[in-house]
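Q: I should like to learn how helix packing and pockets are read from a structure. May we work through one example together?

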Amino acid sequence: MNLTEFNQSDRCEHFSCPERSGSPAVYILLYVCSAAVVLLTLCGNLLVIISVLHFKQLHTPTNMLVFSLAVSDFLVGALLMPPMLISIIESCWIFGRDFCICFLLICGFLTISSIYNIALIAVDRYLALSNPFLYMNRVSVRITGIVNVCVWCVVMAYSSALLYFNGNFTNTVMCPGECSLFLNKVSYVIDLIFSFIFPLSVIIILYTRVFVIAKKHATAIREFNNHTRPKTQKITSHSMKSERKAAKVLGILVSVFLMCLLPYFIYSLLGDVIELQTETFQKVSIVFCLNSTINPVIYGLFYPWFRRCIKLIITLRIFQTDSELINVLS
């Protein structure tokens with residue numbers, strides 16, 4: 001949403017809807033591929049949502065954060081990707097002013113929510129590894145759920161205020177075929193700090209600390225394995241291994257997220273330096289949205305419990321009595 005403001009007449013000329021070029025077969029192929037991406041995003045994240053909600057073994061603080069991210073990704077696939085992909089294929093916004101305003105509100109809300117969900121995952125992993133005993137005693141599913149709800153509410157309030165105070169929508173849709181939000185300089189700086197710099201700093205700093213701690217844990221585990229140890233130490237060793245594995249998988253998740261976010265972030269950061277082309281910005285936004293498609297694939301590749309859950313869901317075993325008690329972690 002971080003687009004710089006430029007001359008009104010230039011904008012109207014730039015954003016007039018061009019006539020279609022290319023064969024109908026190309027457009028059909030583009031729409032089929034777009035529909036496949038949207039369907040994959042929806043189905044993948046719906047499987048994550050059902051898995052975490054249904055199976056009681058998965059009701060953990062970390063999985064509640066994964067659930068929140070999956071909900072955000074599902075909404076990206078349902079509400080953002082279809083109009084965004086259509087506008088790119090058509091080279092024009094065809095849905096009108098009112099829907100554009102709703103689209104921009106949803107876009108800001110879900111984009112920032114995804115970033116803060118990843119930041120919360122970084123906080124969760126840092127707390128779990130830096131002080132596992134305190135984490136187990138103080139951090140619960142209920143507390144994590146409350147934090148998630150609070151973050152979503154704050155982000156929604158922020159996105160609404162950002163859209164409202166930038167000219168009461170007069171800077172939103174100015175020309176036929178255009179759907180862009182043009183922030184004033186103060187709003188631009190605030191948005192840059194709140195939406196990108198602060199959460200990205202949290203993610204990078206905490207995950208750097210996580211990997212340092214994980215390395216220390218690996219050394220401690222090797223020392224445990226080289227000596228005879230009592231049962232309590234075995235439990236501690238197993239717990240550290242589990243937390244370290246979770247940190248590794250979620251580290252991959254965060255790394256992929258940052259790679260998808262980086263083009264969007266750079267484009268937004270350089271908004272006052274370079275002359276922005278809306279078509280390019282849309283394509284950069286699509287790269288960011290594709291992260292919502294990739295996340296369930298990461299779960300499937302690195303989480304054995306997710307693969308077991310998919311099998312149980314597809315075979316409809318979740319409708320059997322007491323299916324929520326099935327052991328999906330072994």
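Q: At what angle do the axes of helix α2 and helix α3 cross?

A: Please note at the outset that the model is predicted. The axis of helix α2 (residues 24-54) crosses that of helix α3 (residues 61-90) at roughly 165°, and the two axes come within 8 Å.

Q: Is α2 roughly parallel or roughly antiparallel to α3?

A: Angles over 145 degrees count as roughly antiparallel. At roughly 165°, α2 is therefore roughly antiparallel to α3. The crossing of these two helices is left-handed. Where α2 meets α3, the contact residues comprise 23 nonpolar, five polar and two charged.

Q: How do α3 and α4 pack, and what is the angle?

A: The angle between α3 and α4 is about 155°, and their axes lie 9 Å apart. The two helices are therefore roughly antiparallel to each other. Their crossing is left-handed. Sorted by class, the contact of α3 with α4 holds 17 nonpolar, six polar and three charged residues.

Q: At what angle do α3 and helix α6 pack?

A: Helix α6 (residues 141-164) packs with α3 at about 30°, the axes being 8 Å apart. Angles under 35 degrees count as roughly parallel, so α3 is roughly parallel to α6. The crossing of α3 and α6 is right-handed.

Q: Which residues make the contact of α3 with α6?

A: From α3 come P61, M64, L65, S68, V71, S72 and L75, while α6 contributes V141, T144, N148 and W152. By class, this contact of α3 with α6 has seven nonpolar residues, four polar residues and no charged residues.

Q: How does one find empty space in a model, and what is the volume of the second largest pocket?

A: A probe the size of a water molecule is rolled over the atoms, and this shows where empty space is left. In this model, the second largest pocket has a volume of about 160 Å³.

Q: Which residues line the second largest pocket?

A: The lining consists of L65, L120, V123, D124, L127, Y135, V139, I143, T144 and V147. Two of these names have appeared before: L65 of α3 and T144 of α6 are also in the contact between those helices.

Q: Which helix supplies the largest share of that lining?

A: The largest share of the lining of the second largest pocket, four residues, comes from α4. Both α4 (97-130) and α6 supply at least two residues each. By class, the lining of this pocket has eight nonpolar residues, one polar and one charged.

How values were computed: Residues are numbered from 1 along each chain as its sequence is written. This is a predicted model: local features need pLDDT of at least 70, side-chain atom pairs count only at pLDDT 80 or more; totals for chains, interfaces and linings use all residues. Side-chain values use heavy atoms; hydrogens and water are left out. Axes are lines fitted to C-alpha atoms, for helices over the stretch in contact, and angles run from 0 to 180 degrees between N-to-C directions. Angles under 35 degrees count as roughly parallel, over 145 as roughly antiparallel, 65 to 115 as roughly perpendicular and the rest as oblique. A crossing is left-handed if the near helix is turned anticlockwise from the far one by less than a right angle, and right-handed if clockwise. Ala, Val, Leu, Ile, Met, Phe, Trp, Tyr, Cys and Pro count as nonpolar, Asp, Glu, Lys and Arg as charged, and the others, Gly among them, as polar. Contact means heavy atoms within 4.5 Å. On a 1 Å grid over the protein atoms alone, a cavity is a set of points where a 1.4 Å probe fits but cannot get out, and a pocket is an open set with protein on both sides within 12 Å along at least five of seven lines; lining residues have an atom within 4 Å of a point. Grid points are joined across faces, edges and corners, and a volume is the space filled by probe spheres set on the points.
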